[in-house]
Amino acid sequence: MTKNTMASANDSRQNQKDAADQNFDYMFKLLIIGNSSVGKTSFLFRYADDSFTSAFVSTVGIDFKVKTVYRNEKRVKLQIWDTAGQERYRTITTAYYRGAMGFLLMYDISNQDSFNAVQDWATQIKTYSWDNAQVILVGNKCDLEDDRMIPTEDGKRLADELGFEFFEASAKENINVKQVFEHLVDTICEKMNESLDANSSPVSNSKNANLSEAPSQQSSGCSC
């Protein structure tokens with residue numbers, strides 16, 4: 001067995017172990033959305049497995065990974081869904097927006113079309129998700145500074161207009177990946193606590209949540 005095969009097998013076993021683990025305080029469903037090829041899968045693998053491959057394989061439909069983290073003295077299980085960006089999968093992926101507590105809406109800083117599509121993705125979040133779902137706009141691939149087409153200021157401006165948080169990041173160079181997820185989780189926890197104080201929490205202690213749920217039919221610049 002090769003070293004890469006062994007690592008892949010270990011990652012798979014760890015993901016299965018995390019998925020089966022029922023010892024947690026909360027479970028948050030998160031979605032990574034955006035155009036095809038902006039780096040959603042690489043971003044997820046960098047965060048969940050600390051791995052990266054430059055080979056591009058388009059996500060078919062939807063997939064997910066599970067990662068358990070400790071935030072604010074709570075054990076939080078994250079169910080992170082990696083969605084396909086192609087139009088032909090759109091009706092499949094939007095069905096998974098239901099119940100999502102957080103979104104990473106991603107574009108590629110070197111791809112103008114992916115940035116132009118952000119508004120449409122934001123509309124989909126508003127249309128199909130819970131009203132108070134938290135969203136972070138992520139300008140991915142900030143390691144490609146020489147090929148940059150979207151100025152950081154434009155990303156921040158659009159995020160402000162949409163009412164989203166904003167980060168630039170790089171899955172390849174592992175820049176701001178962990179920080180993006182931690183910020184999203186912390187924001188969800190903060191909103192959840194506010195709702196608990198008002199006796200109307202939108203997020204329950206979800207130990208009874210079905211991990212394999214299926215559908216019914218502050219800002220930081222890139223430090224590159």
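Okay, let's start with helix H5, where Asp120, Lys126 and Thr127 are exposed on one side. Flip to the other side of this helix, residues 118-128, and Val118, Trp121, Ala122, Gln124 and Ile125 are buried. Those buried residues cover an arc of only 155° around the axis, so they sit on the same side of H5. The arc is taken from the directions that run from the helix axis to the C-beta atoms. As a reminder, an α-helix has 3.6 residues a turn, so residues three or four places apart point the same way.

Some ground rules before I go on. This is a predicted model, in which local features need pLDDT of at least 70 and side-chain atom pairs count only at pLDDT 80 or more, while totals for chains, interfaces and linings use all residues. Residues are numbered from 1 along each chain as its sequence is written, and side-chain values use heavy atoms, with hydrogens and water left out.

When I say buried, I mean under 20% relative accessible area; exposed is over 50%, and partly exposed is in between, with a 1.4 Å probe and protein chains only. Helices (H or I, at least four residues) and strands (E, at least two) are DSSP runs, numbered from the N terminus.

Now the overall picture. We have seven helices and six strands, and going along the sequence they come in the order α-β-α-β-β-α-β-α-α-β-α-β-α. Of the 224 residues in the chain, 48% are buried. The accessible surface is about 11600 Å², and carbon and sulfur atoms account for 44% of that; this is Shrake-Rupley with a 1.4 Å probe, and for residues only the protein chains shown count as cover.

On to the inside. A nonpolar core here is a set of buried Ala, Val, Leu, Ile, Met, Phe, Trp, Tyr and Cys residues joined through side-chain atoms within 4.5 Å. The largest one has 28 residues, and Phe28, Phe43, Leu78, Leu104 and Phe181 have the most contacts inside it. Two or more residues each come from strand E1 (26-34), helix H2 (40-49), strand E3 (74-83), strand E4 (102-108), E5 and helix H7 (177-197). Which element gives the most to this core? That's H7, with eight residues. There's also a second, separate core of 27 residues, and Tyr96, Phe103, Ala117 and Val135 are among them.

Let me stay with Phe181 for a moment. It counts as buried because its relative accessibility is 0%. Contact means heavy atoms within 4.5 Å, and leaving out neighbours within four places in sequence, Phe181 is in contact with Leu30, Ile32, Phe43, Tyr47, Ile80 and Leu104.

That brings us to the aromatics. Rings of Phe, Tyr and Trp (its six-membered ring) pair if their centres lie within 6.5 Å; planes under 30 degrees apart are stacked, over 60 edge-to-face, and the rest tilted. The whole structure has eight aromatic pairs. Tyr26 and Phe28 make a stacked one, at 6.3 Å centre to centre with 20° between the planes, and both residues are buried. Tyr47 and Phe181 are stacked too, with centres 4.0 Å apart and planes 10° apart. Tyr47 is in helix H2 and Phe181 in helix H7, so this pair ties together parts that are 134 residues apart in sequence. Tyr47 is buried, with a relative accessible area of 9%. Add Phe43, and Phe43, Tyr47 and Phe181 form one aromatic cluster.

Next, Gln134 in strand E5, residues 134-140. Is Gln134 buried or exposed? Buried, because its relative accessible area is 16%. Its side chain reaches the backbone oxygen of Asn132 at 2.7 Å. Not counting residues up to four places away in sequence, Gln134 touches Met101, Gly102, Phe103, Leu184, Thr187, Ile188 and Lys191.

Over in strand E2 (residues 62-71) we find Val66, which is buried at 3% relative accessibility. The C-alpha atoms of Val66 and Gln79 are 4.7 Å apart, although these residues are 13 apart along the chain.

Last stop, the backbone. Ser37 isn't a glycine, yet its phi is positive, about 75°. It sits in the loop between E1 and H2 and is partly exposed, at 32% relative accessible area. Right after H2 comes Asp50, with a positive phi near 50°. Lys141 has a positive phi as well, near 70°, and lies in the loop between E5 and helix H6 (152-162). Lys141 is partly exposed, at 22%.

Notes: Polar contact = N/O pair within 3.5 Å; in protein donor to acceptor, adjacent residues only side chain to side chain.
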